[in-house]
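Here's a quick walk through one model, sheet by sheet and then side chain by side chain. Have the coordinates open while you read.

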Amino acid sequence: FSPDGRHVAHGRVPAGRPDMADIHVTVRDWQRDEIVQIVPGFFWSIAFDPAGSRIALGTFDGPVELRDIESGERALSLVGHSGYVSDIAFSPDGSRIATAGADATVRLWDAKSGEQVLVLRGHTVEAWAVAFSSDGSKLVTGGGAGGDPVRVWALDLDDLIGIAKRNVTRALTDEECRQFLHMDQCPPA
């Protein structure tokens, strides 16, 4: 369902050996029982943005397509995963998109530009599910089979610095600050 409850999106894969033309996602105004859009292709995951004006579709082979609900036009393509994108979530304010993939990564994207902001590694098998906290400062992700644990990722820089101060017994080098905090230099101690 879209956040306003007006639209519903669902996939269709016919039984047997379907013709690829029969595989698509339908966006429907369910109250009026009208089809708004039919998007051809095999999509593994679907998410509406918080405004309900765009839909993100995770493909079987890696890219995520962002489409305008009314026109059906592709607004962005998020390229980075290898293999299917198993889950997609928009941040509560709609500014970021998180994707979980078969390549065992979770990726964070800028929802306006499509720029990949962060790649989170740590799952041992596919990253299966992703969700933002209500304030957008954290992500929770779940892995696939094999006992891969649920992980909580802090996204807020102040949270990350606090975690580092509690757990690191030495000062971070500037290279570590670039790698882990995405800063050119470490903040003053």
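What follows covers confidence, sheets, two unusual backbone spots, salt bridges and a surface patch.

First, the ground rules. This is a predicted model, with local features reported at pLDDT of at least 70 and side-chain atom pairs counted only at pLDDT 80 or more, while totals for chains, interfaces and linings use all residues. Residues are numbered from 1 along each chain as its sequence is written, and side-chain values use heavy atoms, with hydrogens and water left out.

**Confidence**

The predictor's confidence in each residue is pLDDT, from 0 to 100. The chain averages 86, and 91% of the residues score at least 70. Strand S9 (residues 96-101) comes out highest with a mean of 95, and helix H1 (residues 157-167) lowest with 72. Helices (H or I, at least four residues) and strands (E, at least two) are DSSP runs, numbered from the N terminus. Where pLDDT is low, the predicted coordinates should not be read in detail.

**Two open sheets**

Two strands pair if DSSP finds at least two bridges between them. One open sheet has 4 strands, ordered S4-S5-S6-S7 with antiparallel pairing. S4 and strand S7 (74-78) each have a single partner strand, so one side of each is left without a neighbour in the sheet. From one strand to the next, the twist averages 20°; axes are lines fitted to C-alpha atoms, for helices over the stretch in contact, and angles run from 0 to 180 degrees between N-to-C directions. Inside this sheet, strand S5 (residues 54-59) and strand S6 (residues 64-68) are joined by 5 bridges, and Leu 57 has Glu 65 in S6 as its bridge partner.

The other open sheet has 3 strands in the order S12-S13-S14, again antiparallel. Its edges are strand S12 (127-132) and strand S14 (151-154), each pairing on one side only. Neighbouring strands here are turned by 25° against each other on average, direction ignored. Between S12 and strand S13 (residues 138-143) there are 5 bridges, and Ala 127 sits opposite Gly 143 in S13.

**Positive phi**

Two non-glycine residues have a positive phi: Asp 33, near 55°, and Ala 104, about 70°. Asp 33 is in the loop between strand S2 (24-29) and S3, and Ala 104 in the loop between S9 and strand S10 (105-110). Asp 33 counts as exposed at 57% relative accessibility, whereas Ala 104 is buried at 14%. The cut-offs are under 20% relative accessible area for buried, over 50% for exposed and in between for partly exposed (1.4 Å probe, protein chains only).

**Salt bridges**

With a side-chain nitrogen of Lys or Arg within 4 Å of a carboxyl oxygen of Asp or Glu as the rule, the count is 9 salt bridges. Three of them are below.

| Pair | N to O distance |
|---|---|
| Asp 49 and Arg 54 | 3.7 Å |
| Glu 65 and Arg 67 | 2.9 Å |
| Glu 65 and Arg 74 | 3.4 Å |

Glu 65 turns up with two partners: Arg 67 and Arg 74. Glu 65 is buried at 12% relative accessible area, while Arg 74 is partly exposed at 48%. Asp 49 and Arg 54 are both buried. Elsewhere, Arg 6, Asp 29 and Arg 32 are linked in a salt-bridge network.

**A nonpolar patch**

Which residues form a nonpolar patch on the surface? They are Phe 42, Trp 44, Phe 60 and Trp 128, with about 380 Å² of accessible area together. Patches take residues with over 30% relative accessible area and no salt bridge, joining like charges within 9 Å and nonpolar side chains (Val, Leu, Ile, Met, Phe, Trp, Tyr) within 5 Å. Areas come from the Shrake-Rupley method with a 1.4 Å probe, and for residues only the protein chains shown count as cover. Phe 42 lies in the loop between strand S3 (34-40) and strand S4 (43-48), and is partly exposed at 31% relative accessibility.
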